[in-house]
Amino acid sequence: MRSRRVRNALAGYGLLAPALFVFAAFSFYPLWRVIWLGLHEQNRTGTNQRWVGVNQYTDVLTGEEFRGGLWITAQFVLLTVPIGVVIGILLAVAANRRLRGIKVFQVIFSSTIASSTAVTAVIFFVLLEPSIGYLSDPWIFDLLDPDRAIFAVALTGVWQNLGLTFIITLAGLQAVPDDILEAARLDGFGPIRSFARVTLPMITPTLLFLSVALTVFGLQAFAQIDVLTGGGPAGATETLVFKIFNSQEPRQLGEGSVMSVGLFLVTGTVATLQFWLLERRVHYAN
Amino acid sequence: MQTDAAPGWVRNVAWYVLLTGLAAAVLFPIWMTIVRALSNPITWSFDRGQPPYPVDIEWDVFGRAFDEASFGRQLAVSATVTLIIVIGQMVTSVLAAYAFAFVDFPFKRTMFAVTMATLMLPIEVTLVANSRTIRELDWTNSFEGLTVPFLASALGIFLVRQGFLAVPRDLRDAAALDGYGHLRFLWRVAIPITRPVIAAFVVLSFLAAWNSYLWPRAITDDSDWNTIQIGLRAVANSTADQLNVGVAAALLAALPVLIVLVLFQRHIVRGLTAGAVKG
């Protein structure tokens, strides 16, 4: 009996070993390391470091650099997530019906998922190219205007997310049982009332899951900024991850590490908050 | 829906019109990118204004992307990196998922929680420390640096474990009676039954690896090691008469993913919606 337990333990950990090794080396060790680096200041070449303690955390997290990056990131999230979810619902409702050839439309609406962030950035570079791009407009989308560049960058996010939003929302709609909708119809519900009172509450968990995913994507925005604006003009599109990326040199390592911990805390808080909401809504819907 | 006054065919036509309009709006950015890639860049921008159709078409632009924009080399780097990551994640996920689903070992719940906790630690958070580790290992500009940190995936372990847990108890008992050990059961029973789930994960893993940007950007500084995605960074800075070549490269970069999307649409939907939709 004893030898069987030992054998199982060996088999279990043997099978887990490759994955655990990667997680230990490239997820947990770096988490510990950014926390620790955040407590230190490096010299110019990174050969020596000095303990500065929690001060660096309070300084950086309340400082202009971090708060500025957080605010630009928040703008990106607020500009991409709500609009993205609404457009996703529109597309999914439009394509969720029995029509000949509907599959073609479903593939078209899903297609933006094939476009990586860098590819999307190039596609929108064509449309936003100052003065000759079709969507370049000094009133709304202007890559050269510090006050408006974030709208242009967010536009790429909205379009790129369409495919994912559509696929997930459509799956949610298709999971709504036909007999419930039929019952609503027999009760005299029109299409709009039926959608608002029956369908929408039933897909709320799906929409919340989606908004969590899109928010996390938004918090991680980097490639579209790196390609389209390089953080400019005048630092107007430097998101949190962009600032973290630019602080890998020894001199800024402490600051970059604190910002990494900050990003970790922000992401964790948002995800927890939204899942807490989700729990409540699910109970409410039941 | 038959209570409405309009006859069925009128409603259908109305839906087709709406759907076609929406499809045109979604595809418009892609269409303009194709226009820009095929048109002579100077003619398109200056001579005749900026028409919404290709002018002075240059079909050799895709060939030039290979010759002038070193697209071929980038393609080789991207393909190799993606292949290593996809195979690596598949193997480590199947092994770990098997342990979680079928083996009783001490601290199993804790280990599962530890695995899932890595979902809270995306590369954006660990970037600063991981790029230092890669520098210390002397893995900058190398396949090791580009792939090793991504050879395990909590999402993969989770999805495959879900698949394994759905293997009927009877099959396990029967296999045990036949004297199957762990490996034989994994290979002959568990993997074949779970193939759709594994396929769904492979497609997701492919998408993520092929499209990744931040990590290769952080740990390569030699253009010989540019992946396709990193190569696209040059497009926004290219001169007006070269822009079409970079734009063509962006279309080529999306092509493999588009093919995978069309061929494996079902798997993608299954993978993306796992956990998103109840029941």
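Student: How many helices and how many strands does chain B have?

Tutor: The model is predicted: local features need pLDDT (the predictor's confidence in each residue, from 0 to 100) of at least 70, side-chain atom pairs count only at pLDDT 80 or more, and totals for chains, interfaces and linings use all residues. Residues are numbered from 1 along each chain as its sequence is written, and chains are lettered from A and ligands numbered from 1 in the order in which they are written. Helices (H or I, at least four residues) and strands (E, at least two) are taken as DSSP runs, numbered from the N terminus. On that basis, the elements of chain B are 15 helices and zero strands.

Student: Why is chain B described as more spread out than a compact globule?

Tutor: The radius of gyration is taken over C-alpha atoms, and the globule rule is 2.2 Å times the number of residues to the power 0.38. The C-alpha atoms of chain B fill a box of roughly 80 × 70 × 30 Å along the principal axes. For 279 residues the rule gives 19 Å, so chain B is more spread out than a compact globule, its radius of gyration being well over that value at 24 Å.

Student: What percentage of the residues in chain B is buried?

Tutor: A residue is buried if 20 or more other C-beta atoms, placed from the backbone, lie within 10 Å of its own, exposed if 12 or fewer, and partly exposed in between. Of the 279 residues in chain B, the buried share is 43%.

Student: Is helix α9 of chain B largely in the open or buried, and how many of its residues are buried?

Tutor: Helix α9 of chain B covers residues 169-177, and it lies largely in the open because none of these nine residues is buried. Just after α9(B), B:G179 takes a positive phi of about 80°. The number of buried residues in α9(B) is zero.

Student: Which residue in the loop between α4 and α5 of chain B has a positive phi although it is not a glycine?

Tutor: The residue in question has a positive phi of about 60°. It is exposed, with 12 other C-beta atoms within 10 Å. Its place in the loop between α4 and α5 of chain B identifies it as B:F107.

Student: Where is B:D138 found?

Tutor: Phi of B:D138 is near 60°, a positive value in a residue other than glycine. B:D138 is exposed, having 10 other C-beta atoms within 10 Å. The location of B:D138 is the loop between α6 and α7 (143-147) of chain B.

Student: How far apart do the C-alpha centres of domain 1 and domain 2 of chain B lie?

Tutor: Domain bounds come from an automatic or database domain assignment. In chain B that gives domain 1 (8-59) and domain 2 (70-273). The C-alpha centres of domain 1 of chain B and domain 2 of chain B are separated by 34 Å.

Student: Which element gives the largest share of the side of domain 1 of chain B that touches domain 2 of chain B?

Tutor: Two residues are in contact if their C-beta atoms, placed from the backbone, lie within 7 Å. The contact takes nine residues from domain 1 of chain B and eight residues from domain 2 of chain B. On the domain 1 side, α1 and α2 (41-45) of chain B each supply at least two residues. The largest share, four residues, comes from α1(B).

Student: How many residues of chain B are in contact with chain A, and which element of chain B gives the largest share?

Tutor: The contact joins 73 residues of chain B to 74 residues of chain A. Elements giving two or more residues to the chain B side include α4 (71-102), α14 (243-263) and α15 (265-273) of chain B. The count for chain B is thus stated as 73 residues, and the largest share, 13 residues, comes from α1(B).

Student: How do the residues on that side of chain B divide into nonpolar, polar and charged?

Tutor: Ala, Val, Leu, Ile, Met, Phe, Trp, Tyr, Cys and Pro count as nonpolar, Asp, Glu, Lys and Arg as charged, and the others, Gly among them, as polar. For the side of chain B that touches chain A, the division is 48 nonpolar, 18 polar and seven charged.

Student: In which helix of chain A is confidence lowest?

Tutor: Chain A has eleven helices and two strands. Its pLDDT averages 87, and 95% of the residues score at least 70. Confidence is highest in α10 (residues 240-245) of chain A, at 94, and lowest, at a mean of 80, in helix α11 (residues 250-285) of chain A.
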